Amino acid sequence: MATDTQANGPNRIISMVLVAPSLLMIALLFLYPLGFSVVSAFAESGSWGLANFYKAYQFYSRDILFTIVIVLISTALVGLFAIAIGGYLTLGENPRAVAILRWLYRWPLFIPFIVSAQLMRTFLAKNGMMNNVLIELGLLDQLQSVSFLDWRGIVVTFVWKQTPFVALLVAGAMAALDRTTIEAARNLGASRLRILIEIIIPQIATTLMVGLILTYVVIMSVLSVPLMINAQSPTMLTVDMAFRINSYGDYGVANALGIISYLITGIVAWFYLRQGLDNGGSPK
Amino acid sequence: MKYLTIPLALAGAISLNVQVTAAETILNVASGGSENMVQYVTDYLGPMFEKQNPGVKVRVIGTGPGDAGTQKIIEKLEAQKNAGKETWDIDVAVGNQQKTAELVNMGLLKSYRAKISTGSLATRDTSKMALGVNVDGYVMPMFHSQTAIAYNSDLVATPPGSYDELRAWALKNPKAFGYNGIKNGMSGVSFVVGWMYAYAGDAAKLQNGPYDENTKGNWDGALSNLKAFNENITFTPGNAGTLDMLNRGEIAMGPVWVDMFYSWQADGRIPPNLKLKLISPGMPGQPYYYSIPAKAANSDLAMKFIELATSPKVQAEGIVNRFNWYPGIDAMHVEKSLDPMVWKKLFTDVTPDELAANGKPFPIAPYFSDIKEAYELKVSN
Amino acid sequence: MMTSRKNTFSLSLGISAIARVLILGLLAFVIFGPITNMLLWAVAEVWYYPHKLPLEWGFSFWERVFRPQGNAMESLITSVAIAVLTVIVSMAVAIPAGYALARGRLPWRNIILLLFLLPQAFPAVAVHMNIARIFYGLGLTGTVGGVVLVHALQGLVFAVWIATAAFSAVDPELESAARSVGASRVRAFFDITLPLALPGVLASAIFVFLISMDEFTGTYFVGAPDVVTVPMLLFTSSMEGNYQIASISSLILLVPSVLFMLVIEKFLKADVLAKVGT
């Protein structure tokens, strides 16, 4: 009874043993301390439940919406660019261009968020370096120059910093693909774009989705980028959480915002995981 | 097997690192202040103290600027208290007013001022009260800082002298004034607090109490005017962002911290044509405090350190001459040991009279929270 | 290796060559614009508007970072050592977990995967204090081990999710085939499945390394004051808009990170080649 379809996978007990160390780590180092936060919020205010959530909604409803929009736009752009880079690295016909691109695309990965945010603040400003260069090149008129230090700046910085992350994963997965189908399709005259969309992407979809979900989570959790770049008044939830704690010492509303932020992430991740389960028995 | 050698070698290398330093007594100073404050202890005060006390090493931990920086010190101390530790690993804390007051309220500090010889040299209100909280005995001011309006003197010949004039100027010069709201950095918060002092009625009550939770009901006029004012200005990304935009000529005027302004000028990040003006009826400033955690491992050494830090000589040479800050202890003790030229340099843009008239404290804690929440709800929302 | 290049009209070849140069040029500007900004700031002594380049150049800020009181080199060694240990710890727990999550029969598999997202998705600000408290209780504060654990926690989501994806991408038939010719389960894993999943797993190692190198908050709560890393030394300057110091610190961190990546890639290539041989 044991060895038919799932013969190659470890059984329940072994699986649980294998997952146990990492789960233990999460439980001890995160869930247990998190529990303290929740409990202390209970003990102090007496009404953890809705009061804090109501206040979070009352004060920050626009920021919640703003955060969702920023995260979705940024993640979508990251996905698009990562596929483009990975696709060119896999299908590009000019070896020199492929080599240049391979060398080029990874650098932002190594610049910490806090530094990226600082650099973008002086780069994207109205009289910042980007506009200066464009004006010097004659591509832009001094009077037309605008500042990007608003939602666009946040999106640009996130996309700049996170695209290499997803591209690295996606390019790795594409490189590991069996090339025979690709060559066959090409010999039949299929365009490279079509090969990318119809043959390659479906095969690396898992990796792509994982990369995008991780990007989504990172964007939800980074404080320095919205803090240092966005000057306008709807801002991202991380800024609000830090502000509640640092300015008011108010852990209750900060935790409520944290739960909202986790739900925004969790829903997307859950949707993806369910999807994976429905399409064929083995997950993903 | 060979894979194991790497981590073992690494662990060995680090423990060696730790052991070398463990031979001396280490005085841990946590600073929740600006970069120049961290640098001040690392480069000036620390080495001086080490020289006077052989076998002692001063280690500085910068926890970041603003409320967030001091909040991190609170959290670290609270964690040690909750864990039931007998000695704590921070010996001297440098924190801002609001958060040091919270530390006192939480019982995380030691009362030490009476025990040090320089304790009697600081007699301003700020060494006894912080935002309405009695901190007498628990703190010594390191220095006083002040917010003011910075302006580009090439573009603005006669800067506004009051909030009224500033409003008129901003109306005539749309988008030329800039500040950073209240969520990223205290210079914006100060501008808003100054606005409330000017337009929300009884400023003295906001500064000294007593607290009455109905007061905030009277602020609607001031807040809606501020909202209208905000339509015509530029928002900047943070304290540093305001200085940046002034630098690049994207705004001509904005609120900044005086000490940060001077250190940016010294580091060549803003041009010499930027000047300061402290407008009436006033903008807030605050001291940064030296305090000692209740269970500091080296509290005697910590007292000695603070004694040195608040001695007239160090306040004159370090705080005023090198770093251009307003002294923490009373001015008369400092002025004596200074070259008059240096003392004058401190007041190039903001005169002592202006400072006395227009340098205000922040509001008492409950009003301070009310102002910030009211701004979030009625101005920025 | 490549099949013969397709016949194309020379005109369209010319256009596509120009387009290629333009796109790569644009990409280079987008990627290196901000980085050039960083390099300029790292050697700028005086730079204010409207000057498009620094007015005075020099290394005085480098001297400030590397002055003896600053302990920059010592912290760099600590940072790198902690990052390497963090990678080892995360990989040690993430590889088995990823394998089980991809292949095993686990109850609540999705819930478990969501759990790993939690530390990233939930604001750490509210939790660090409690982590610190627990670590104080256990005597882990101020130790390298404690810091490594906190860093590994932050990197775990990347390690586990990416490892899971990498293992799911390996065709299960290959492992079955190995088993059917008599290889033990362990042998089949190490000889077949792990090498095939390795590119993904090692990519996640790079991210874990980078996360550890940049981490400040956890290090402060668990490591300070005894364990000092580069981000701890330079945090205040970087937060407050000292572009010179921020740029220099980022360059300091860049060197070990790039080296680490090169080492990993070298290792990776050798391994993939070895696999082709068998």
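**Domains and a helix pair**

Modeller: The C-alpha centres of domain 1 of chain B and domain 2 of chain B lie 28 Å apart. Please keep in mind that this is a predicted model.

Colleague: Thanks! Which residues make up domain 1 and domain 2 of chain B?

Modeller: Domain 1 of chain B is 3-144 + 287-350, and domain 2 of chain B is 145-285 + 358-380. These bounds come from an automatic or database domain assignment.

Colleague: How many residues does the contact take from each of these domains of chain B?

Modeller: It takes 17 residues from domain 1 of chain B and 20 residues from domain 2 of chain B. A pair counts as in contact if its C-beta atoms lie within 7 Å.

Colleague: What gives the most to the side of domain 1 of chain B that touches domain 2 of chain B?

Modeller: That is α4(B), with three residues. Both α4 (97-105) and β6 (140-152) of chain B supply at least two residues each to this side. By class, this side of domain 1 of chain B holds eight nonpolar, eight polar and one charged residues.

Colleague: Now to chain A. Why are α4(A) and α6(A) called oblique to each other?

Modeller: Let's set the angle against the cut-offs. Helix α4 (residues 113-123) of chain A and helix α6 (residues 151-175) of chain A pack at about 135°, with their axes 10 Å apart. Roughly parallel needs under 35 degrees, roughly antiparallel needs over 145, and roughly perpendicular spans 65 to 115. The angle of about 135° meets none of these, so the pair is oblique. The crossing of α4(A) and α6(A) is also right-handed.

Colleague: What makes the contact of α4(A) with α6(A) in terms of residues?

Modeller: From α4(A) come A:Phe113, A:Ser116, A:Ala117 and A:Met120, and from α6(A) come A:Gly153, A:Val156, A:Thr157, A:Trp160 and A:Lys161. By class there are five nonpolar, three polar and one charged residues. A:Gly153 goes with the polar residues because Gly is counted as polar here.

Colleague: And chain C: how many residues of domain 1 of chain C are in contact with domain 2 of chain C?

Modeller: Four residues of domain 1 of chain C are in contact with six residues of domain 2 of chain C. Here domain 1 is 2-60 and domain 2 is 70-273, and their C-alpha centres lie 32 Å apart. Helix α1 (residues 10-42) of chain C gives the largest share of the domain 1 side, three residues.

Colleague: By class, what does that side of domain 1 of chain C have?

Modeller: The side of domain 1 of chain C that touches domain 2 of chain C has four nonpolar, no polar and no charged residues.

How values were computed
Residues are numbered from 1 along each chain as its sequence is written. Chains are lettered from A and ligands numbered from 1 in the order in which they are written. This is a predicted model: local features need pLDDT of at least 70, side-chain atom pairs count only at pLDDT 80 or more; totals for chains, interfaces and linings use all residues. Axes are lines fitted to C-alpha atoms, for helices over the stretch in contact, and angles run from 0 to 180 degrees between N-to-C directions. Helices (H or I, at least four residues) and strands (E, at least two) are DSSP runs, numbered from the N terminus. A crossing is left-handed if the near helix is turned anticlockwise from the far one by less than a right angle, and right-handed if clockwise. Two residues are in contact if their C-beta atoms, placed from the backbone, lie within 7 Å.
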